[in-house]
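Subject: Handing over the structure

Hello,

Here is the structure I promised to pass on to you. Have a look at it first, and then read on for what turned up.

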Amino acid sequence: MTTKTNAARARPLADSGFASDVLSGLSARQKWLAPKYFYDERGSQLFEAITELKEYYPTRCELAILREHKADIAGVFGPKTALIEFGTGSTRKVRILLEAAKTVEAYVPVDISAEMLRQEAQQLQHDYPRLRVLPVAADFTLPFRLPSAIVGLSRAGFFPGSTIGNFEPQDAAAFLRHAGRMLGAHATLIVGVDLVKDANILNAAYDDASGVTAQFNLNLLTRINRELSANFDVDAFSHRAFYNSDRRRIEMHLVSGRRQAVNIAGHVIEFAAGETIHTENSYKYTIESFGLLAQSAGWTPIKVWTDGLFSVHALAKA
Ligand code: AVI
């Protein structure tokens, strides 16, 4: 879902998906790496730390919107609902909805990380004994099998965190279409979406003063060193993040401080001084532009809640 159209499609050069993705991304004219690879154990911890930063407003804003409007949001679910969360890291956000959503009878968290999913599901089941908690370990961007126990329930999807912003817009539309197919007719979908705003606020959120986002970005090189027997000199790269107002996205890059060659899984990758590896895009939408994207993917926007910085959208199957 995160492949870039301008990336050279090099032949896979090594066995594992990670190795071949890294080698093909770093063989492209604009070197790039997929942001899904940020999230090893250390990367996941650093992301948690990002969500606590004073500059990183999205998590705080979304939690506040969910708390303030939980009853209204829960009001869009039908009677006897199965709530399906796409990419459940933690259950912190869905717990807010569950406090108000009395018609939700089953909760289906879907995540590729089976162990984290199991722990979160177990704790939630303990805290909500009457709810049927039915975890599915799967890549939520691909078709997966929904538990047969939800047959007969109406379906609502939940996709918080503005993760949709990390997809290229055509991939975001493809994901919304896929979610529509998974949820079926008459479904609703609640999506968290970060908004276009003053570039200073955006730049600070992705280049915080304490350097946590820089560590998060650079950790990708440490991961490649560890897992692919590479020899990146991590100190010879620096973090760069900026708002590209033409494309309405934050871009994150790793900048090579000097001309250098790096060995990765037996392949040599050369860097010019100042050359960058493009590691992430985080697209920002207006309420209107997200509504249009949703419509193009077969959804009708029915309600939106916002504090001016972040937005939570309720969509219904068109
Ligand atoms: C996970 N995702 C929504 C975050 C974002 O804001 O795009 C990832 C992130 N990258 C840097 N800071 C946070």
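A polar contact here is a pair of N or O atoms within 3.5 Å. Please keep in mind that this is a predicted model.

Let's start with the ligand. The side chain of S282 offers a polar atom 2.7 Å from an oxygen atom of the ligand, so the pair falls within that cut-off. Y56 has a polar side-chain atom 2.5 Å from a ligand oxygen atom, and for N166 the partner is a nitrogen atom of the ligand, at 2.8 Å. On its own the ligand has 340 Å² of accessible area, and the protein covers 95% of that.

What surrounds the ligand? There are 14 residues around it, and Y56, N166, Y206, E280 and S282 are the closest. Helix 2 (41-51), helix 8 (212-227) and strand 12 (276-283) are the elements that each give two or more residues to this shell. Sorted by class, the shell holds seven nonpolar, six polar and one charged residues.

Next, the second largest pocket. Its volume is about 240 Å³, and its lining consists of L98, E99, A101, K102, V104, E105, Y128, P129, R130 and L131. Two elements, helix 4 (92-100) and strand 3 (104-111), give two or more residues each to that lining. By class, six of the lining residues are nonpolar and four are charged, with no polar ones.

Last, the aromatic rings. Searching the whole structure gives 19 aromatic pairs. One of them joins F140 and F175 edge-to-face, with 5.8 Å from centre to centre and 90 degrees between the planes. This pair links distant parts of the chain, 35 residues apart: F140 sits in the loop between strand 5 (136-137) and strand 6 (154-159), while F175 belongs to helix 6 (residues 169-183).

Happy browsing, and best wishes!

Methods: Residues are numbered from 1 along each chain as its sequence is written. This is a predicted model: local features need pLDDT of at least 70, side-chain atom pairs count only at pLDDT 80 or more; totals for chains, interfaces and linings use all residues. Side-chain values use heavy atoms; hydrogens and water are left out. On a 1 Å grid over the protein atoms alone, a cavity is a set of points where a 1.4 Å probe fits but cannot get out, and a pocket is an open set with protein on both sides within 12 Å along at least five of seven lines; lining residues have an atom within 4 Å of a point. Grid points are joined across faces, edges and corners, and a volume is the space filled by probe spheres set on the points. Helices (H or I, at least four residues) and strands (E, at least two) are DSSP runs, numbered from the N terminus. Ala, Val, Leu, Ile, Met, Phe, Trp, Tyr, Cys and Pro count as nonpolar, Asp, Glu, Lys and Arg as charged, and the others, Gly among them, as polar. A residue is near a molecule or strand if one of its heavy atoms lies within 4 Å of it. A polar contact is a pair of N or O atoms within 3.5 Å; within protein, one must be able to donate a hydrogen and the other to accept it, and residues adjacent in sequence count only if both atoms are side-chain atoms. Accessible areas come from the Shrake-Rupley method with a 1.4 Å probe; for residues, only the protein chains shown count as cover. Rings of Phe, Tyr and Trp (its six-membered ring) pair if their centres lie within 6.5 Å; planes under 30 degrees apart count as stacked, over 60 as edge-to-face and the rest as tilted.
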